[in-house]
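Me: I should like a close look at one part of this model, the two loop residues with positive phi angles in one chain, together with the chain around them. Please explain it in a connected way.

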Amino acid sequence: MSNESKTLEKEAQAQAEARQPWTARRVGDLILNNALIIIMILAVIYIAIINENFLKAASIINIISQTAAYLPAALGIAGCIVLTGTDLSAGRAVGLTACISASLLQNAENLANKMWPEIGTLPIWAVIIIAMAIGALIGCFNGFFVAKFKLHPFIVTLGTQLILYTFLLLYVQQGNNKGMAISNLDPSYTSFVKGSLPFMKVGSTPIPNYVIFAVILTAIMWFVWNKTTFGKNMFALGSNEEAARVSGVNVFATTIAVFALAGALYGFTGFIEGARIGSNTANTGLNYELDAIAACVIGGVSFVGGIGKIRGIVIGVLMLRLIFVGLTMVGVPQDLQYLIKGAIILFACALDMRKYLVKK
Amino acid sequence: MRRILARLALASLMLTLCGCGTSPTPTIRVGVALYQQEDTFISTVAQSLQQRALEEEQARGVKINLSVADGRGSQTQQNEQVDRFLDQKYDVICVNIVDRTAAAVIIDKAQAAGVPVIFFNRQPVEEDLSRWDGAYYVGSPGAQAGELQGQIVLEAWQQDPAALDRSGDGVVQYVMLEGEAGHQDALLRTKYSVLALTEAGVPVEKLANDTADWQRGQASIHMTQWLKEFGDQIEVVFANNDDMALGAIDACLAAALDPLPFVVGVDATPPALEAVEEGTLQGTVLNDAQGQAREMLDLACDLAEGTAPQVEDGHYVWLEYSAVTRKTLDAASAGAGNQSE
């Protein structure tokens, strides 16, 4: 199904819906289709009543900051899911790029604790490019195996994940580091990521810079997905590979590009996390992909392929963070939170499939 | 709902009041972030904290609200937990930090929110701790645990060298099971346990060493490997903690080794004390969980009530280790009996 016919169909559907009377069934459908947003709003109201701190500036900015930190990786992984794939190597890619970024941006004044004493502190823009290039390279590797050998991305990225772990373990043992956590970060690096512009404040709580980066990235990704040939090709490929091939989409190049773009975004996440968490070990980034995949699924990026919106991903990431922050605020024990997270993922997926089945 | 709201309003009122020290029964809210609850020693500390909080409540006439979060070995998760504690305006935060080099992030956050932070058991880098006056560390000096561990072996050597030196070559062959790479205690215990022997003039030879990440399972895997390689050449097994010592014993028992090598651990966890009683574990070093919990809560309450805390060098509260062997076990188990009351 090409994009055009999809939009036509949508318009027709919308017109048909507008003509329909407001029956109980239609209202029910409307509620079900927007169930997650409704639940989210109800949850926010409930938590705010139970715990007044929830709606304070510090808490809201905390949730927004966490959303911003997890957003780039989710935006990347969403592309892979649109291609009916997934990417399990995201977490390790974040870990590797975080360790590399941190090691290149250590404080040159404290040479004893510097991983590479021979090279000074690199300029920040160079490290961003290096991190994103390494991420993109990892993505290309994934994409190549998926496109060339028609392996399922689950398998390919599972392999890459393991391979990257070895790289990560070896990297932290290089130079002066000997397997220790990479710390002693340059102040310019931490303030670039965690600092905030003087006017970016709500009350007395500053909004960290990485929120701005996430907003910019989201805008770029929205443009790429919706306004470029590459984006349209990606959706066409995700909906129906054969049809896309016949209509002249370069399947090989598009697949590699989607994975490479995702990789570049993991690289950026790694750069941010290096300073944000401040802990750069072989365990950094572990299981990031799972949160990112969960967020995409909650946000309506369908594993069926070819379906997904940037808006949905942002909502998905925000919702996951809300769950974690909100549940603690109302005093739900930590052990129960995973159950709730799992239930929400299942619920979101079931809703998503229900829409899809209706369409069929 | 109204009751909860009322209670919240009351609590926040009290918080503002207890700053001035006029409130009769203030609530002290303490957030505790553990690096990994599965760690036997850490969970002992957490339990002691809960018990101690009840006692402290009566002693000080305050209400202590203890909230424990498990970081599951991820600094990312722990940072988020600390953020949540800060958002909820806890009075004091206790952090058993996952990555000791990452304390600066947490200290900066706590400083921005004006909430004192007490690190425990896992010692942050010194420069980080000195960033802010409101950051403290409660723990035991890692070197001492190693020294005591070495002394247990030394004592056995002095009593009967032949029993320890089974090969009869006059040299103590040992293997070292290390805690996670880069952990302050792991480095210090590894270094000082052997140093205690060499300084006393006991000739030693290291057969192998590896990190088992504080874990029983991993230690057992390494030990099985070493047993294949060295067999009964291994005379002493140093383990940086009890879980790993027990893992080594698991491997020896599985290999039907008799007699067992001389295994020593650190922490004196309940399973380790049982093993000492059974005679499989020769000795361990009591890492004072109750003491840590007591000092942490004392410090937390002092900070919340605005009393000047009693600390060394402006940041540190140190606790003593003590050696536990079959001989001292009666005293130690009596102590353990007291704690469970």
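Reply: The answer below begins with the chain as a whole and then turns to the two residues.

The model is predicted. Chain B contains 13 helices and 12 strands, and 51% of its 341 residues count as buried. Among the contacts in chain B with a separation of 6 or more, 74% join residues 24 or more positions apart.

The first residue to consider is B:K89. This residue lies in the loop that runs from helix 3 (75-87) to strand 3 (92-95) of chain B. Its phi is near 60°, a positive value in a residue other than glycine. B:K89 has 18 other C-beta atoms within 10 Å and is therefore partly exposed, since a buried residue needs 20 or more.

The second residue is B:A268, in the loop between strand 9 (262-264) and helix 11 (270-278) of chain B. Here too the residue is not glycine and phi is positive, near 55°. B:A268 has 28 C-beta neighbours inside 10 Å, so it counts as buried.

Helix 3, which precedes the loop of B:K89, also has a part in the meeting of the two chains. In that meeting, 24 residues of chain B are in contact with 22 residues of chain A. The elements of chain B that give two or more residues to this side are helix 1 (2-20), strand 2 (63-70), helix 3 and helix 4 (103-113). Helix 3 provides the largest share, seven residues. By type, the residues on this side of chain B are nine nonpolar, eight polar and seven charged.

Terms used. Residues numbered from 1 in each chain as written. Chains lettered and ligands numbered in written order. Predicted model: local features only at pLDDT ≥ 70, side-chain atom pairs only at ≥ 80, totals over all residues. Helix = DSSP H or I, 4+ residues; strand = E, 2+ residues; numbered from the N terminus. Buried ≥ 20, exposed ≤ 12 C-beta atoms within 10 Å, placed from the backbone. Contact = placed C-beta atoms within 7 Å. Nonpolar A, V, L, I, M, F, W, Y, C, P; charged D, E, K, R; others polar.
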